[in-house]
Amino acid sequence: MNHITPLSYRNTAYSLLVILFALTTLAACTSREPDYLEQSLQLAGDNRGELEKVLEHYKDNPHKLAAARFLIENMPAHYSYKGDGIDGYYRDARGVFRTGLSPKQQADSTAYLAAVVYPGLEADTISDVRVATAEFLISNIDKAFTEWETRPWAAHLTFEQFCEWLLPYKVVNLQSLDGWRDTLSSYFTWGLNNMVHDDDTYETTINAANTIRNEINWRIKPFGIYYSAKGYPFLSASTMPYFTFGNCRDYVTLAVSTFRSVGIPAVIDETPYWGRYRAGHCWYTLLNNRGEELTSEWDVSSIPGGSFFTDKRIPKVYRNTFAINRERERYLNTSAYRHPFEVCQRDVTDQYFNTSDLEIPLLEDFRPVEEYAYIATFTAIGSDWSIVDFGYLKEGKAHFSRMGRNVLYLAMGYDGNSLRPISRPFILRTNGEVEYIVPDTSQLRSVNARRKYYQSKNVATMRKRILNGRVQCADRKDFSDAVTLYTIDNVLIPDKIALKADKPYRYWRYLSPEKSYGNIAELHFFDTAGTPISGTPISNIDNRDIINRAFDNDWLTNFDVSNPDGNWVGMDMGKGVSVASVRIVPRSDDNDIHPGDTYELRYWNKNNTWTSCGIKVADSNVLHYDDVPQGALMWIINHTRGMDERAFLIDEKGKVEWW
């Protein structure tokens, strides 16, 4: 989900919402229902006449008039770039797409355009209510209605569903006010226009969506670029069909825009943060002709309706809407702290999985200055906790709704100066029980940590491939006289495996077990003083690049061979040498404790802050600390490199539980 975040448009949007809320409050004080249409017309300023033209145009068509009212009432929260700069950027970006450069090179080029040629465009935005023309809105409404009324896969929509899943004139904020419906419906619809008119699948939403999805994948061949320096997102009709790289939000936006252009009802859902990861994610959801919401997992490459992240912990799921969330609008205008929640999102967490409504007792020393409380998950971004939702303070408790389970949380509040913890960290278990984490300072323990991040299924699978691997030495290069000095029988191997040969040998190797494909990241031999012994890398394969990966000191490159059996890699020492120990690093994600890196262990103390247990340089693949309170929530920071870190607990038996 990484992309340039147009924070300035949020600030401008907030200013306009302040005015909108003031008008709403005035209506409430006079015991009138808020007239959101009139409020939007007032906010339109000089553009009011354009919006009134739309209402006048549809005055004799109740359905389209209601659709126009829906758009105009919610328009103040939707923004576009202002000025000609964005058009220049899109023009130059299209030129980059035609260069034949690799996707990464194109991303670097558009990042340069954004940073050097067109800097600051995100600061030059304006609310759609002040710039949308009558011609544009009428064209959009008419085309949306045509798709709804003529496409068999849209016939099931109610009017309310139509307004959110098909009607909006843009899918995301800052999308250009242009003819994206015409462009996308003509560019990605060869397959749709040539579908077989069978009596089984033709009229189904899923069939139409998969036909479009396959064509998008075939035409643009999506390439994932998941770092921030790639320029502004491509949100115009002139760029959306042509960009060759992007992140999940880029491709989800393209998918939903294309779906809507041909009458396929779709929305964007997202989580601000995974329950055990530092970032969030977004995906698309379809409303099929049986009334089911079919979610994808990833971007346009995902088939909707399959299993949805069965192995992921998710605190919140929000649906991006065109309608303003009036509760969030009220929050943004009345809170003292004012976290930048998106005002056009709706909480749909309980539509995805089991959730809980929480009542969390406040710490006694907290004195609130507002009615709101905040709930955060551990992310290790910047410091530690990141907000995922707000709730309300009432009768000494913080109340939160629809919280995802099996997640570590912390309730927070604003005291007038800063946001601070107002509860102990707690785990919302899968059965709905709340378990508070309180360190026992009367019982101290030692901690021996081997990782700073939880082990995924893929990492665990790769690590197991060292089992039955052997360390051997020989006098002959073909190892026909090999002597086995060590056989790996446990994945928790020491950093340096002690070896004891009967005499010096010239050839030394790691022989991988059958069905393991090699699969080690590093192989190093040491003398009795712990000094690395150098030699010439050798192997049973001829690929020098793959061989060298075992000796390059990069734990993310691997000796990994396509043939599963009979693989080995080692050293020709040039003469007989005595090897005292060997380091074998299994293939992994490089989140094991890395000798030579600088680490810090922290634990969450009774004062609701982190206590450092000290900074030290790791001298092996196990990090040792003494005097850590029993039951404490811990966090290992690598000050040398990397970004993946998770909080964890260790029970009395030494079992690690990652959060």
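**Close-up 1. Strands β9 and β10 pair in the antiparallel sense over seven bridges.** Welcome to this predicted model! Strand β10 covers residues 385–394. To trace one of the bridges yourself, start at A373 and look across to G391, its bridge partner in β10. The two strands belong to a hairpin, with six residues between them. In this hairpin, look for A380, which takes a positive phi near 60 degrees.

**Close-up 2. Strand β9 also pairs with strand β12.** Here the partner strand is made of residues 407–414. The pairing is antiparallel and runs over four bridges. A good place to begin is A376, whose bridge partner in β12 is L410.

**Close-up 3. Strand β9 is mostly covered.** Are the residues of β9, numbered 372–378, buried or exposed? Seven of its seven residues are buried. You can check this one face at a time. On one side sit Y372, Y374, A376 and F378, and these are all buried. Turn to the other side and you meet A373, I375 and T377, which are buried too. Both faces of the strand are therefore covered, since buried here means under 20% relative accessible area.

**Close-up 4. D269 is a buried residue in strand β3.** The strand spans residues 266–271. How buried is D269? Its relative accessible area is 0%. Which side chains make polar contacts with the side chain of D269? One is T285, joined to D269 by a polar contact of 3.0 Å. Another is R319, with a polar contact of 2.8 Å. Now widen the view to the surroundings: leaving aside neighbours within four places in sequence, D269 is in contact with H281, C282, W283, T285, V317, Y318, R319, N320, V348 and Y352.

**Close-up 5. Four strands form an open sheet.** Follow the strands across the sheet in the order β19-β25-β21-β23, and note that the pairing is antiparallel. Which strands stand at the edges? They are β19 (497–498) and β23 (559–560). Each has a single partner strand, so one side of each is left without a neighbour in the sheet. As a reminder, strands of a sheet pair through backbone hydrogen bonds, either parallel or antiparallel.

**Close-up 6. Strand β21 meets the edge strand β23.** Strand β21 takes in residues 518–526. Its pairing with β23 is antiparallel, over two bridges. To find one of them, go to G518 and look for D560, its bridge partner in β23.

Conventions. Residues numbered from 1 in each chain as written. Predicted model: local features only at pLDDT ≥ 70, side-chain atom pairs only at ≥ 80, totals over all residues. Heavy atoms only, no water. Pairing = 2+ DSSP bridges. Buried < 20%, exposed > 50% of the residue type's maximum accessible area, 1.4 Å probe, protein only. Polar contact = N/O pair within 3.5 Å; in protein donor to acceptor, adjacent residues only side chain to side chain. Contact = heavy atoms within 4.5 Å.
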